[in-house]
Amino acid sequence: MIPVRIVTWNLWWRYGPWEARQKAILAVLRELRPDVVGLQEVWDTGGADGAAGTGGTDGSSGENLAAWLASELGMHWTWGASHDPGFWQRRLGDPTVGIGNAVLSRWPVAERAVLPLPPGAGDGGRLALYAGLDAPGYRVPFFTAHLSSATEASAVRCQQVTALAEFVAEHRGDGPFPAVVTGDFNAWPDSDEVRLFGGYKTAPPVAGQVLIDAWDFAEPGAPSATWDLANPYLAGTFGPSVRIDYVFVEPTGKGAPGHVRGVRRAGDGAVDGVWPTDHAAVVVDLSA
């Protein structure tokens, strides 16, 4: 049985050597051959409206990184634009570049929804994106989110994961494939917000809804840090190296659709001398 391969990856917007990084990102995804990818910090220069497609720029005059990746990889895609991108645009010094989350999929995107997340101090515009994917035999309820990044913003992230959990419950549906939630949570694995969202180490935000951190199934001792100080883009930043990117899945029985079969890092080194982004990706294989 061929597994369903899930990837989550923060693409570091348009920072650093973004044109060279764009090619490195594509090279990593091409090698991984994922079925579904949740992306955060995706840039857009043409006002893409979020419509699902199979590549291109959905009629806009500019470009969208997710659209380009989808076209190169032969995948479907959908995009959710930040409703308040000023935090990033001020840091970049360019008010014309949009930012948001995106989903790439081997299967058509049947439906989508965007949830603006509760704002943090000075970094509003965070969001969660839902995509209902028409895989053969079932619909995959897939989500990707990007939470506030300030080290001291745990209370804000708790509000955000509560809203995210309710969003998952609203769109999860009743099909046989479990909800899959990906994203950059900007939080350590033992943090209040990650424990709260999972709902199995403390009371869940939505009664009865449990979402397992797929990394619980990783091989002991496997490299786990997705915010890794070995990455040259993180030189001089606050440490330590830690995992802040996640794939959560509703628990299922062994062999049932969505059961975790394997998990690892990827995109954690240079491609032709260029590191793809400031984050490593998380790759999870699920039973089909």
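**Two sheets and the helices packed on them**

At 1% relative accessibility, D184 counts as buried. I start with this residue, in what is a predicted model, and work outwards. D184 sits in strand 8, which covers residues 180-184. Which residues does D184 contact, once neighbours within four places in sequence are set aside? They are N10, Q40, A145, H146, L147, I244, D245 and H279. For a distance to go with that, the C-alpha atoms of D184 and W227 are separated by 10 Å, with the two positions 43 residues apart along the chain.

Now the sheet that holds strand 8. The sheet is open, has six strands in the order 5-6-7-8-10-9, and its pairing is mixed. Its edges are strand 5, residues 109-116, and strand 9, residues 212-213; each has a single partner strand, so one side of each has no neighbour in the sheet. Strand 8 runs antiparallel to strand 10, residues 245-249, and five bridges join the two. Within that pairing, T182 is opposite V247 of strand 10.

Helix 4 goes with this sheet. The helix lies across strand 5, strand 6 (127-135), strand 7 (138-146) and strand 8, and its direction makes about 155° with strand 5. One residue to pick out in helix 4, which spans 154-171, is Q159. Is Q159 buried, partly exposed or exposed? Its relative accessible area is 47%, so Q159 counts as partly exposed. From Q159 to P205 the C-alpha distance is 9.7 Å, and the two are 46 residues apart in sequence.

On to the other sheet. It is also an open sheet of six strands with mixed pairing, here in the order 3-4-2-1-12-11. Strand 3, residues 76-81, and strand 11 stand at its edges; each pairs with a single strand, so one side of each is left without a neighbour in the sheet. From one strand to the next, the twist averages 20°.

Strand 12 deserves a closer look. How many of the six residues of strand 12, 281-286, are buried? Six of the six are, and the strand is mostly covered. In a regular strand, side chains alternate between the two faces of the sheet. In strand 12, A281, V283 and D285 point one way, while V282, V284 and L286 point the other way, and all are buried.

Strand 12 has antiparallel pairings to describe on two sides of the order. With strand 1, residues 4-10, it pairs in the antiparallel sense over five bridges. There V4 stands opposite L286, and I6 stands opposite V284. With strand 11, residues 260-266, strand 12 also runs antiparallel, and six bridges join them. L286 appears again here, as the bridge partner of V260.

Next, the helices on this sheet. Helix 2 lies across strand 2, strand 3 and strand 4, running at about 25° to strand 4. Helix 2 also packs against helix 1. Two packed helices are described by the angle between their axes and the distance between the axes. For helix 1, residues 18-32, and helix 2, residues 65-73, the angle is about 45° and the axes are 11 Å apart. The two helices are therefore oblique to each other, and their crossing is right-handed. Helix 1 contributes Q22, I25, L26, L29 and R30 to the contact, and helix 2 contributes L65, W68, L69, E72 and L73. By type, the contact residues are seven nonpolar, one polar and two charged.

Last, some backbone geometry. Most residues other than glycine have a negative phi, and most peptide bonds are trans. Where does W13 lie? W13 is in the loop between strand 1 and helix 1. Its phi is near 40°, a positive value in a residue other than glycine. W13 counts as buried, because its relative accessibility is 1%. D272, in the loop between strand 11 and strand 12, also has a positive phi, near 50°. D272 counts as exposed, because its relative accessibility is 81%. Finally, the peptide bond joining G239 and P240 is cis, with omega about 5°. P240 is found in the loop between strand 9 and strand 10.

Technical notes:
Residues numbered from 1 in each chain as written. Predicted model: local features only at pLDDT ≥ 70, side-chain atom pairs only at ≥ 80, totals over all residues. Heavy atoms only, no water. Helix = DSSP H or I, 4+ residues; strand = E, 2+ residues; numbered from the N terminus. Buried < 20%, exposed > 50% of the residue type's maximum accessible area, 1.4 Å probe, protein only. Contact = heavy atoms within 4.5 Å. Pairing = 2+ DSSP bridges. Axes fitted to C-alpha atoms, helices over the stretch in contact; angles between N-to-C directions. Parallel < 35°, antiparallel > 145°, perpendicular 65-115°, else oblique. Left-handed = near helix turned anticlockwise from the far one by under 90°. Nonpolar A, V, L, I, M, F, W, Y, C, P; charged D, E, K, R; others polar.
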